[in-house]
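Let's take a walk through a protein model together, moving from its surface to its interior and back again. Have your viewer ready.

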Amino acid sequence: MSRISKDEYYLNIAREVSQRSTCLRRRYGAVILQSDQIISTGYCGAPRGTENCIDINFCLREKRNAKRGEHYEWCRSVHAEQNAIIHSKRLDMLNAKLYLVGVDVKTGQLMTDAEPCKLCKRMIINSGISKVITYDEKKKIKVTDVEKEWINKNMGEVKKVKGKWVVLQNIDFE
């Protein structure tokens, strides 16, 4: 009998956590790990005391045909990563790992391109988390080094060229 890796183990836990999500489009689960101990979990859901999408059976992003990664201001949910960070102390998150899993609600399939949105990336950076572990397109474990991939590359948004800052992406600043 073979034993799964620790990364697979924690991704499986994140997948289980995702089952509490109340989003009608995608179920995300996040697990923050420090020194091989789970310090926090989070899943997608409306802010405390407000109605969840599954309760009202309505998703504004779905209704307005929002593309993936766009118009999160229409979303009722607090993201899984955000909830896990909110429920943790920053000192506990310094150099921690965040495991993130997404499941498509309609198909029940594991999302192999789960990645934090730009706001979640900013929160992850500020929390002190150093690695984000997800699955890639081939269902292999993908480890993102927050400093190398997001901080040092300015999240792929801007770059200094000949002493001037240049926008690298089509960013909607409105």
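Is K89 buried or exposed? Its relative accessibility is 57%, so K89 counts as exposed. Please keep in mind as you look around that this is a predicted model. K89 makes a good starting point, as it forms a salt bridge with D92, whose closest N and O atoms are 3.9 Å apart. The partner, D92, has 30% relative accessibility and therefore counts as partly exposed.

From here, let's go inside. The largest nonpolar core has 20 residues, and those touching the most other members are Y28, I32, L98, I124 and I129. Several elements contribute to this core: β1 (26–34), α4 (80–86), β3 (97–104) and α7 (146–151) each supply at least two of its residues. To see how one member is surrounded, centre your view on L98. Setting aside neighbours within four places in sequence, L98 is in contact with A30, V31 and I32, with E81, with I124 and I129, and with K131, V132 and I133. There is also a second, separate core of 12 residues, and among them are L11, A14, V101 and Y135.

Next, follow the strands. Strand β4 covers residues 131–135, and 4 of its 5 residues are buried, which means that the strand is largely enclosed by the rest of the structure. On one side, β4 is joined to β3 by 3 bridges, and these two strands run parallel. Here you can find Y99 standing opposite I133 of β4. How does the chain get from β3 to β4? It passes through helix α6 (residues 118–127), and this β-α-β crossover is right-handed.

Strand β4 has another pairing to show you. With strand β5 (residues 141–145), β4 pairs in the antiparallel sense over 5 bridges. In this pairing V132 stands opposite T144 of β5. The hairpin of β4 and β5 has 5 residues between the strands, and K139 in this hairpin takes a positive phi near 60 degrees. As you rotate the view, a general point may help: side chains in a regular strand alternate between the two faces of the sheet.

Finally, let's return to charged side chains. The count of salt bridges in the model comes to 11, and two of them meet at E157. One joins K118 to E157, with the closest N and O atoms 3.8 Å apart. Because K118 lies in helix α6 and E157 in the loop between α7 and β6 (158–161), this pair ties together parts that are 39 residues apart in sequence. The other joins E157 to R122, and here the closest N and O atoms are 3.4 Å apart. R122 also lies in helix α6, so its pairing with E157 ties together parts 35 residues apart in sequence.

How do these partners sit relative to the surface? E157 has 14% relative accessibility, so E157 counts as buried. K118 is partly exposed, with a relative accessible area of 34%, and R122 is partly exposed as well, with 39%. Elsewhere in the model, R25, E62 and K106 are joined into one network by salt bridges that share partners.

Methods: Residues numbered from 1 in each chain as written. Predicted model: local features only at pLDDT ≥ 70, side-chain atom pairs only at ≥ 80, totals over all residues. Heavy atoms only, no water. Core = buried A, V, L, I, M, F, W, Y, C linked by side-chain atoms within 4.5 Å. Buried < 20%, exposed > 50% of the residue type's maximum accessible area, 1.4 Å probe, protein only. Helix = DSSP H or I, 4+ residues; strand = E, 2+ residues; numbered from the N terminus. Contact = heavy atoms within 4.5 Å. Pairing = 2+ DSSP bridges. Right-handed = clockwise from strand over helix to strand, strands pointing away. Salt bridge = Lys/Arg side-chain N within 4 Å of Asp/Glu carboxyl O.
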